[in-house]
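Work through the exercises below with the sequence and the structure open. Each task is followed by a solution in steps.

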Amino acid sequence: MGFPGNTNYSPDAGETTFTMDAEMKQVSGVQPIFQKTFARMLYPAVFAVGLFAVLPLVGMLALSFTDFHLIKPWGREIGLHNFERLINDRRFINSIYVMLSLSIFGVIFQVAMGTLVAVGLEKIVPRWRLMRGVFVVPFVVPAIAVALIWLSLFTPTLSPINAFFDLFGISVPALLTSKNGAISAIVIADTWASYPFVMLLILAALQGISSDLDEAAAIDGATKIQVFWRITLPLLAPALLMVSLFRFIETLKHFPLIFVMTNGGPGRSTQATNYYAFIQTFQSSNVSYGAAIAVFLFLFAAIISFYVARSNARITDA
């Protein structure tokens, strides 16, 4: 053991252990204080989620088991009659078909366009990198504004596209007047507004791919197209899977585009499930049945979300 007057003094093992024990006690005493502070900081978020998410969801679920109507007398019947009605409702079945058509085709075009733009910005034409902000602009445009823009483009009397082709005597079909045309118009508008989301995620994934792979393939004589199909695309598969699932969940919410561009028409050809719930609740005043449709849509989205989380965990662990 050394002495204070000794310039070569160093504490022995006993003193070191005593000092470490004292520091550990101080840290262990401080940790509960920080934990309590962090827990209290979560209170506003928990309150907001409970008030604006959980409470409306519980209310919607409760209404779906009743026969509450805004106009007809309330018979106070409680049960599964609204969900039994869904099974035999042809308009509801058709709304699922419309919803899946819009979602599946929308995801395909959004992922394809977003991936091509991302690859073009990152690998094929690097000088376009400065234009990334331009490609992101559609993503920040409000959904109602997107719907109004494309409604004007698809209206023959207002569309500059129709005016241009009329100069050459070419007739452009009015997409919004036919079933398949209306669905195509909504898919086009949604693709234009949403492909930047895919582009940004794919750009992030591309930056994680080493450029040495491209250089090695170029030395072996591979073209840029071959590099994309043989190297880049397989490495992007996990990112493409995740962004496709995310976009599929998001495309379930086509309400603004349908409401402004087609109003569910022509006929009932673009009445997706969420729009059909709106019709039942606010136009037919059948609140309980509209709530049952919304519960179905919520469960459907929850199942897809669970699959997204599970797939994400598998990809992360791989």
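**Exercise 1. The two ends of H9**

Task: Find which residue with a positive phi follows H9, and which residue caps the N-terminal end of this helix.

Solution. Step 1: start after the helix. Glycine 221 follows H9, and its phi is positive, near 95°. Step 2: go to the other end. Helix H9 covers residues 211-219, and serine 210 caps its N-terminal end. Step 3: check the distance. A side-chain oxygen of serine 210 lies 3.2 Å from the backbone nitrogen of aspartate 212.

**Exercise 2. Confidence**

Task: This is a predicted model. Determine where in the chain confidence is lowest and where it is highest.

Solution. Step 1: take the whole chain. Its mean pLDDT is 83, and 85% of its residues reach 70 or more. Step 2: go by element. Helix H1 (residues 13-41) has the lowest confidence, at a mean of 59, while H12 has the highest, at 93. Step 3: look at residues 1-6. There pLDDT stays under 50, and the model has 4 contacts beyond four places in sequence for them.

**Exercise 3. The largest nonpolar core**

Task: State which residues touch the most other members of the largest nonpolar core, and which element gives the most to this core.

Solution. Step 1: count the members. The core holds 57 residues. Step 2: rank by contacts within the core. Leu102, Met199, Ile202 and Met261 touch the most other members. Step 3: assign elements. Those giving two or more residues include helix H4 (90-124), helix H8 (179-207), helix H10 (224-250) and helix H13 (287-317). H8 gives the most, with 12 residues. Step 4: inspect one member. Beyond four places in sequence, isoleucine 202 is in contact with Thr115, Ala118, Leu236, Ala239, Leu240 and Val243.

**Exercise 4. Two residues, two settings**

Task: Classify serine 288 and arginine 230 as buried or exposed.

Solution. Step 1: place serine 288. It is in helix H13. Step 2: read its accessibility. The relative accessible area of serine 288 is 1%, so this residue is buried. Step 3: list its partners beyond four places in sequence. Serine 288 is in contact with Leu63, Ser64, Thr66, Asp67, Phe68 and Asn82. Step 4: turn to arginine 230, in helix H10. Its relative accessible area is 70%, so arginine 230 is exposed. Step 5: take a backbone distance. The C-alpha atoms of arginine 230 and alanine 217 are 9.5 Å apart, with their positions 13 residues apart along the chain counted as separation.

**Exercise 5. Rings**

Task: Decide how the pair of phenylalanine 164 and phenylalanine 165 is arranged, then do the same for phenylalanine 296 and phenylalanine 300.

Solution. Step 1: search the whole structure. There are 16 aromatic pairs. Step 2: take phenylalanine 164 and phenylalanine 165. Their centres are 5.5 Å apart and their planes are at 80°, an edge-to-face pair. Phenylalanine 164 is partly exposed at 47%, and phenylalanine 165 is partly exposed at 30%. Step 3: take phenylalanine 296 and phenylalanine 300. Their centres are 6.4 Å apart and their planes are at 25°, so this pair is stacked. Step 4: locate them. Both lie in helix H13, 4 residues apart, about one turn of the helix. Step 5: look for a cluster. Ring pairs link Phe255, Phe259, Tyr275, Phe278 and Phe282. Step 6: add a charge. Arginine 85 lies over the face of tyrosine 289, at 3.8 Å from the ring centre.

Terms used. Residues numbered from 1 in each chain as written. Heavy atoms only, no water. Core = buried A, V, L, I, M, F, W, Y, C linked by side-chain atoms within 4.5 Å. Buried < 20%, exposed > 50% of the residue type's maximum accessible area, 1.4 Å probe, protein only. Contact = heavy atoms within 4.5 Å. Polar contact = N/O pair within 3.5 Å; in protein donor to acceptor, adjacent residues only side chain to side chain. Phe/Tyr/Trp six-rings, centres within 6.5 Å; stacked < 30°, edge-to-face > 60°. Lys NZ or Arg CZ within 6 Å of the ring centre and 35° of its normal. pLDDT = per-residue confidence, 0-100.
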